[in-house]
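Dear colleague,

Here is the structure I promised to pass on to you. Please have it open while you read the notes underneath.

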Amino acid sequence: MAGAANNGGYPDFHEHLRKLDDTGLLTTIDAPVNKDTELHPLVRWQFRGGIPEEERKAFKFTNVTDSLGRSYDMPVVVGALSTNAEMYSVGMGVPVEEIGGKWNDAMANPIDPVTVEAGVCHEVVLTGDDLQGEGKGLDGLPVPISTPGYDSAPYLTATNVTTRNPETGTQNMGTYRAGLKASDRMAVRMVSRPGGAEGHMHWELYKKRGEKMPCAIVVGCPPAVAYMGPQKLPVGVEEMAVAGGVAGEPIQQVKCKTVDIMIPAESELVVEGFIDTEYLEPEAPFAESHGHVALEDYNASMEVTAITHRKDAVFTSIISQLTPSESSVIKRVAYEPLYLSHLRDSLGIKGIKKVYLHEPLTNLRKVLFVQVERGLPTTEIWRALYGASSLAAAIGKYVVAVNEDIDPTNGDAVFWALAYRANPALDVQILKHRVRYGPKDPRTVNGEESTLLIDATLKSDMPPIALPKKEYMEQAAALWDDLGLPPLAPESPWHGYSLGDWADEWDEMAKRAAEGNYMENGRRSAQLRRNDVFPNTSIRDIPGNPFEDK
Ligand SMILES: Cc1cc2nc3c(=O)[nH]c(=O)nc-3n(C[C@H](O)[C@H](O)[C@H](O)COP(=O)(O)O)c2cc1C
């Protein structure tokens, strides 16, 4: 699987698109579609139109137009990195269940990139006058408007914004939104809060030196590198080396044309320039992944010095905003295994089964579930709750521990656990001083939020779930099918099971009843009649009861 002209052994973005096409994960639209008003809203429907995650596709638009009546040769692809977990697994080259392991391996065994003389990303180089005026530079690119009606500009979203720490020389890549301002000027928005963008930390260092920050914005590149952008790697860790770990071989890199930054040689398109560290200018509104429109704030802007691209470049865009979205899937698939390995391997908490970051509408950061084995000591459950709430500054406003029989992706099951397995007076802690994420709340002190931790696990044995035993439900499902009734989509729980408070004696009684011998149970209860008990007294509270010596 050659990476075009550079012969990298790992797939480039074109190869990735071919694989998506081969596996039925790519829809190609040849009809004209307006990038300013139609393109993202069309793809949005697959997140708001009742289409299950497994059936979501990437979209490739080959006939892109705009609101000024212009058309573009460069196709636009939306949702090709991670509209569903399967697509992410195609990009990572491993089955979905091995994605977490692959991330861990790549981080533990990074492979440094190799520098090559030339790259396909430099087949077309635009500098100087090529960047000036209408239809040129950034204005000549098919950059879509993500949220028509609210966004103030077309935005680059599938970015690997690459900057260099001027003190250590290490490079960082982060996915940051970048809005067009002119044919040679764009906003680059790097989160400045604690735990925010590493690019912002670099910006602070250049600002101290009184220098502009060199920057290269890669838009579309081999998936192994593209997935590095949204991933929260420790500060100072070089994404290109971890990408090498994912690819299993060094990523080929070339030097940019006008800035001292190294970029993947197989990049589709690269915008080079210098980010101002003295002046900021208003940026946005832009509809954000926390589900609200980010209002106009002062942010950094970049003067573009070059745009380079492959001759056959495809313009990549990530669909983000209200979740679920491609942006939330790309983070969910990568963050959940990180959380699991943090709790299980770094904190050494045994009995952690899975960590779920709640996705629909809430966007992963606010509501977390830690699924634990039954019987895990309370102190370990609380270590897991504290650990999950503190790994990342902005993640973990509500953290809930549940057992394995509770499906955290099912809101009803979660309320069920809260309703029957947690006691607010005993099983809840509120922690102060959480960094704010999302729209401002005028009531908060210093803009801080807080955290609610809830232990909604079983605290003691409980009676079985009030549904027929599995064998009866399975027989009934077969009968249902034989009768030609409408297809079933079983919802958990769909059969009864024991939660510990149950006895062989009752099992035998239920068996007898199901076999038609309920009268034998009646004879037993007649033998146990007494005149010294009040209604609703448990049989187990009576001395000499049938369970006493068992
Ligand atoms: C589509 C998308 C857009 C994003 N936009 C921004 C952004 O504008 N600014 C930002 O700081 N982080 C943004 N993020 C989150 C960062 O990519 C993420 O926090 C990443 O870990 C940052 O990398 P860094 O820690 O190397 O800076 C975005 C993520 C995605 C998937």
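The notes below go from the whole chain to a few local features.

Please bear in mind that this is a predicted model, in which local features need pLDDT of at least 70 and side-chain atom pairs count only at pLDDT 80 or more, while totals for chains, interfaces and linings use all residues. Residues are numbered from 1 along each chain as its sequence is written.

The chain has 13 helices and 27 strands, these being DSSP runs numbered from the N terminus (H or I, at least four residues, for helices; E, at least two, for strands). Its C-alpha trace spans about 100 × 55 × 45 Å along the principal axes, and of its 550 residues 42% are buried, meaning that 20 or more other C-beta atoms, placed from the backbone, lie within 10 Å of a residue's own, whereas 12 or fewer count as exposed and anything in between as partly exposed.

Turning to the ligand, 22 residues surround it, of which Gly174, Thr175, Arg177, Val191 and Ala197 come nearest; a residue is near a molecule if its C-beta atom, placed from the backbone, lies within 6 Å of it. At least two residues of this shell come from each of β11 (171-174), α5 (198-209) and α8 (326-346), with α8 giving the largest share, 3 residues. The shell comprises 7 nonpolar, 10 polar and 5 charged residues, where Ala, Val, Leu, Ile, Met, Phe, Trp, Tyr, Cys and Pro count as nonpolar, Asp, Glu, Lys and Arg as charged, and the others, Gly among them, as polar.

Helix α8 also packs against α4, at an angle of about 70 degrees and with the axes 9 Å apart; axes are lines fitted to C-alpha atoms over the stretch in contact, and angles run from 0 to 180 degrees between N-to-C directions. The two helices are therefore roughly perpendicular to each other, a term that covers 65 to 115 degrees, with angles under 35 counting as roughly parallel, over 145 as roughly antiparallel and the rest as oblique. On the α4 side, Ile99, Gly100, Trp103 and Asn104 meet residues of α8 that include Val333, Pro337 and Leu340, contact meaning C-beta atoms, placed from the backbone, within 7 Å.

Finally, α3 (residues 85-92) has Met87, Tyr88, Val90, Gly91 and Met92 as its buried residues, and among the elements covering them are α4 and α8. Just after α3, Gly93 takes a positive phi of about 75 degrees.

With best wishes

Methods: Contact = placed C-beta atoms within 7 Å.
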